[in-house]
Amino acid sequence: MGGCKMFENLTVYEDRYQELNKMMMDPEVQSDSKLLQKTAIEHAEIEPIVKKYREYVKVSQDLRDNKSMFDEKIDDEMRELIKEEIKKDEETLEKIEDELKILLIPKDENDDKNVIVEIRGGAGGDEAALFAGVLLRQYIHYADNNGWKSELLSSNENGIGGYKEAILLIQGKGAFSRLKYESGVHRVQRVPETESSGRIHTSTATVIVMPEIDDVEVEIDPNDVRVDVFRSSGNGGQSVNTTDSAVRLTHEPTGIVVSCQDEKSQLKNKDKAFKILKTKLYDLERQKQEDAVSQEKKSQIGSGDRSERIRTYNYPQGRVTDHRINYTSHRIDDINNGDLNDLIDALTAADQAAKIENMQ
């Protein structure tokens with residue numbers, strides 16, 4: 001029972017839970033809708049820990065009682081029965097400890113948020129842009145499979161079905177908790193349609209997953225942003241709009257540039273561009289905080305180093321390999337069609353294991 005020390009202080013959760021129960025019955029709290037909502041959210045967050053801790057306390061007591069009986073003068077038949085009970089209690093306690101460890105992992109405050117996914121073609125020219133298009137459709141399918149809504153906020157197509165850059169908004173509860181492990185460099189190995197000799201090419205695309213943020217979370221000084229308007233251009237640079245409806249924002253302090261031209265309305269493009277800019281500024285701050293965390297405590301999988309090659313899609317072998325956890329699947333078509341759950345479950349489990357190790 002190596003984890004017992006970890007659970008000695010869990011009475012604080014029990015005490016707080018009782019306190020929250022009383023607060024929720026208090027007429028003063030009930031008459032203040034904001035306070036009641038805040039109390040109810042905290043109550044719901046700690047309830048699973050309290051229930052699991054109560055199980056832990058009960059089984060620990062049963063184990064102590066059975067061990068003390070085992071030491072008493074009893075006949076062989078009873079001794080065998082108690083021995084079985086002790087074995088069962090120890091196994092149950094180990095299972096509860098594992099479940100408690102997962103419940104005690106500090107929750108990422110962004111886990112329940114919508115996400116903005118930025119996909120860029122990397123090394124490999126047109127083939128990299130085509131692969132970026134494959135990844136874009138993969139995440140749209142994944143959103144559909146989960147009953148989530150997806151919306152293309154901004155895109156820059158290359159004219160042959162690929163994307164130099166695409167920015168996708170996915171709206172759904174828990175979207176960030178599932179997709180946050182997708183940030184990094186994705187590599188593709190396949191024979192391009194344009195390759196007559198059948199030679200396998202290697203190309204890359206970069207994915208960045210950011211939590212969508214509420215307006216109140218990031219304030220932008222209008223004096224810090226230069227707004228330029230221009231005419232939307234289609235593939236090959238031809239003008240697709242006769243009015244200056246496209247918008248480019250330049251955030252002077254950070255140098256972040258965001259362009260939106262997908263909408264016919266300048267106002268809509270501007271709104272989308274500011275949504276992306278705010279998300280990027282929030283993400284920049286979040287990255288700084290993560291980088292400040294010491295290497296020992298940093299999760300091995302998180303959103304980590306975005307220049308790291310995280311996954312290879314090998315089409316001749318029908319194989320997808322995630323290099324962070326040595327996970328390989330031979331269901332490349334299913335994965336491209338948005339069936340990412342097994343892969344994301346494996347990444348989540350590995351991330352939890354790394355965090356539990358850091359908690360010990």
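Colleague: How many aromatic pairs does the structure hold?

Modeller: The structure holds three aromatic pairs. Keep in mind that this is a predicted model.

Colleague: Let's take Tyr53 and Tyr56. What makes this pair stacked?

Modeller: Their ring centres lie 6.3 Å apart, and two rings pair if their centres are within 6.5 Å. Their planes stand at 20°, and planes under 30 degrees apart count as stacked, so the pair is stacked.

Colleague: Where do Tyr53 and Tyr56 sit in helix α3, and are they buried or exposed?

Modeller: They are three residues apart in helix α3, so about one helical turn separates them. Both Tyr53 and Tyr56 are buried.

Colleague: And why is the pair of Tyr142 and Trp148 called edge-to-face?

Modeller: Here the planes meet at 85°, and over 60 counts as edge-to-face, so that is the name for this pair. The ring centres of Tyr142 and Trp148 are 5.8 Å apart.

Colleague: How do you know that Tyr142 counts as buried?

Modeller: Buried means under 20% relative accessible area, and Tyr142 has 1%, so Tyr142 counts as buried. Trp148 has 13% relative accessibility, so Trp148 counts as buried by that cut-off.

Colleague: Now to the helices. At what angle do α1 and α3 pack?

Modeller: Helix α1 (residues 11-25) and helix α3 (residues 33-70) pack at about 140°, with axes 9 Å apart.

Colleague: Why is α1 called oblique to α3?

Modeller: Roughly antiparallel needs an angle over 145 degrees, and roughly perpendicular ends at 115, so about 140° makes α1 oblique to α3. The contact is made by residues including Tyr13 and Tyr17 of α1 and Ile46 and Tyr53 of α3.

How values were computed:
Residues numbered from 1 in each chain as written. Predicted model: local features only at pLDDT ≥ 70, side-chain atom pairs only at ≥ 80, totals over all residues. Heavy atoms only, no water. Axes fitted to C-alpha atoms, helices over the stretch in contact; angles between N-to-C directions. Helix = DSSP H or I, 4+ residues; strand = E, 2+ residues; numbered from the N terminus. Parallel < 35°, antiparallel > 145°, perpendicular 65-115°, else oblique. Contact = heavy atoms within 4.5 Å. Phe/Tyr/Trp six-rings, centres within 6.5 Å; stacked < 30°, edge-to-face > 60°. Buried < 20%, exposed > 50% of the residue type's maximum accessible area, 1.4 Å probe, protein only.
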